[in-house]
Each structure stands twice: as structure tokens, then as C-alpha cells.
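Work through two short exercises on the model shown here. Each has a task and a stepwise solution.

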Amino acid sequence: MLELQNITYSASDENGDKDILRDVSLTLGDNKFYVITGPNGSGKSSLAKIIAGIYTPESGKLLYNGRDITSLSITERANLGISFAFQQPIRFKGITVKDLIKLAANGPADKDMNADVCDYLSQVGLCARDYINREVNASLSGGELKRIEIAMTLARKSQFTVFDEPEAGIDLWSFNNLIKVFEKLHDETHGSIVIISHQERIINIADEIILLADGQIVKSGSKDEIMPLLMNGNIAKPGCSKAAAV
Ligand SMILES: Nc1ncnc2c1ncn2[C@@H]1O[C@H](COP(=O)(O)OP(=O)(O)O)[C@@H](O)[C@H]1O
Ligand SMILES: [Mg+2]
């Protein structure tokens, strides 16, 4: 279980200090599928980065299974089983797709993991033969990188995984595949999954929906409770300003 207690985060830009998260408290239980949604700029990615340990909150605490992890690094949190898939994936020069996925799977060094790597790649809709020996560099498109990152996350089998807008930059065919990946994760999961998304089809897989607006949790609850409100536009509608999409 991951508990966020009264998390506050601000950053400064040319216009001075800006409150990004304001007193966010949230409990994320085990083996559940959460979707965090909300307008662009509402603080979703910042919240994900606070969970992963990339941003440090100004005040408030994070407890993971009762242990205070607020001051732990990204690596320390990853070792505890908290894993994060970026909205904009990182390119790793000189490393092949196979190496990256093997690294994520953390299998024995002498184990030939080609079959596992191929399976993870095909799950995200990539033809393993074409990708397995490719270098993770600028020659891969954003959508390809995104899928490789999701394959890494599948290989990692973390207790707690956060995906930030996994649909970003992915074409429709791959998107249908992605939905299947998440449905499968939902059915088979032995951990919790938090997906940040604007997509109705992804939101629909959730057990629980958390709606963020202007750095605060506006509403959270079961999908059956929150989804009708989102659809009716009775509360701030997510993803309304497409033009401002990141
Ligand atoms: N490191 C930062 N420095 C300055 N402003 C930031 C920083 N990180 C996020 N922000 C600002 O905080 C707000 C929330 O950003 P973000 O968490 O990316 O929102 P979302 O993911 O919901 O679109 C935005 O206005 C963004 O510009
Ligand atoms: Mg974001």
C-alpha cells in the first residue's frame, strides 16, 4: 500500500513560484488498477514523479507498506518495487532493446532470455525480430520507444507501477494493442498499477479513478461512481484542451 500524506510541491519559473500540488492525500491499495486523470497542467506528471522519487515534495510524506520513503532515491524506491514509465521515454545510446529488457527482467546473467524478450515485445505489438538487436537511440520513433518502455515495465513485474500517459505518440493500431496489454495486466496483476491517462478506453479498465485539477484531488472513487460524472461533464472534464496537449 502506498500512502501520500498532505503532499505539497511547487516549482519556480520566470513568473516566480507556482504551486503545482496542493495538499494531496491519497491511499493506493494493493493489487488495484488506478487511473489518474485531469486537465493538462493539473499536476498528474508531477504527482507521478513524486511517487517515483524524481521530485521531492516540499511538505508531506510518502509511506510504502508503512515505511516512510519520502527521502529515498529513485533507485531505492525501484528496489522496493516501485517502477515508473515516463511520459517521454529516455533513449539509451549503445544499448540494444534486448539488453534493456533483460536488464529490467533482472534474470540470471547466464540465462538466455531471448524467448522472454520476444514475448514482451510482441505483447506491445512490436515484431521481436525487427527490434531485438536495435540500439535504443534516436532512430526509434517516440511510439516505438514508448512501447519498448512498456515492455520493460512488463518484464520488471514490479509491485507498484506508474505509467504516465502510455498512449502518447502511439498510433491507433498500437493503441488497441495497448488496451489489451493493460487488460491483461489488470487480469493477471500481482501488484498495483497507476495509469495517468485521458483516454476513455483506458479509464474504463480502472477499478478506481482519481481526478486531479489545479494541483488538487477533486474527486476519487470507484469507476462506476466517477465515470458517469466524467462523461456528463459534471466535473472538470479531462483532456479537454487538445491544443495544449503535451
Ligand atoms: N520542474 C518544473 N518547473 C516549473 N514548472 C513545472 C515543473 N514541473 C511541472 N511544472 C508546471 O506544473 C504544472 C503541472 O505540470 P504537470 O505535472 O506536468 O501536469 P500534467 O501532467 O497534469 O499535465 C504545469 O503548469 C507545469 O508547467
Ligand atoms: Mg503529464
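The largest share of the shell around ligand 1 comes from α1, which gives three residues. The model is a predicted one.

**Exercise 1. Describe the surroundings of ligand 1 and its polar contacts.**

Step 1. Find the elements. Those that give two or more residues to the shell are β2 (16-28) and α1 (44-52).

Step 2. List the neighbours. Ligand 1 is surrounded by residues including Lys 18, Ile 20, Lys 44, Ser 45, Ser 46 and Tyr 55.

Step 3. Sort by class. The shell has six polar, four nonpolar and two charged residues.

Step 4. Check N and O atoms against the 3.5 Å cut-off. A polar side-chain atom of Lys 18 lies 2.3 Å from an oxygen atom of ligand 1. A polar backbone atom of Ser 45 is 2.9 Å from a ligand 1 oxygen atom. For a polar backbone atom of Ser 42, the distance to an oxygen atom of ligand 1 is 3.2 Å.

Step 5. Add the area. Ligand 1 alone exposes 560 Å², and the protein buries 70% of that.

**Exercise 2. Classify the aromatic pair of Tyr 64 and Phe 160, then place both rings.**

Step 1. Count the pairs. The structure holds three aromatic pairs.

Step 2. Use the geometry. The ring centres of Tyr 64 and Phe 160 are 6.2 Å apart and the planes meet at 85°, so the pair is edge-to-face.

Step 3. Locate the partners. Tyr 64 is in strand β4 (residues 59-64) and Phe 160 in strand β9 (residues 160-164), 96 residues apart.

Step 4. Test burial. Tyr 64 has 7% relative accessibility, so Tyr 64 counts as buried. Phe 160, at 2%, counts as buried.

Key. Residues are numbered from 1 along each chain as its sequence is written. Chains are lettered from A and ligands numbered from 1 in the order in which they are written. This is a predicted model: local features need pLDDT of at least 70, side-chain atom pairs count only at pLDDT 80 or more; totals for chains, interfaces and linings use all residues. Side-chain values use heavy atoms; hydrogens and water are left out. Rings of Phe, Tyr and Trp (its six-membered ring) pair if their centres lie within 6.5 Å; planes under 30 degrees apart count as stacked, over 60 as edge-to-face and the rest as tilted. Helices (H or I, at least four residues) and strands (E, at least two) are DSSP runs, numbered from the N terminus. Buried means under 20% relative accessible area, exposed over 50%, partly exposed in between (1.4 Å probe, protein chains only). A residue is near a molecule or strand if one of its heavy atoms lies within 4 Å of it. A polar contact is a pair of N or O atoms within 3.5 Å; within protein, one must be able to donate a hydrogen and the other to accept it, and residues adjacent in sequence count only if both atoms are side-chain atoms. Accessible areas come from the Shrake-Rupley method with a 1.4 Å probe; for residues, only the protein chains shown count as cover. Ala, Val, Leu, Ile, Met, Phe, Trp, Tyr, Cys and Pro count as nonpolar, Asp, Glu, Lys and Arg as charged, and the others, Gly among them, as polar.
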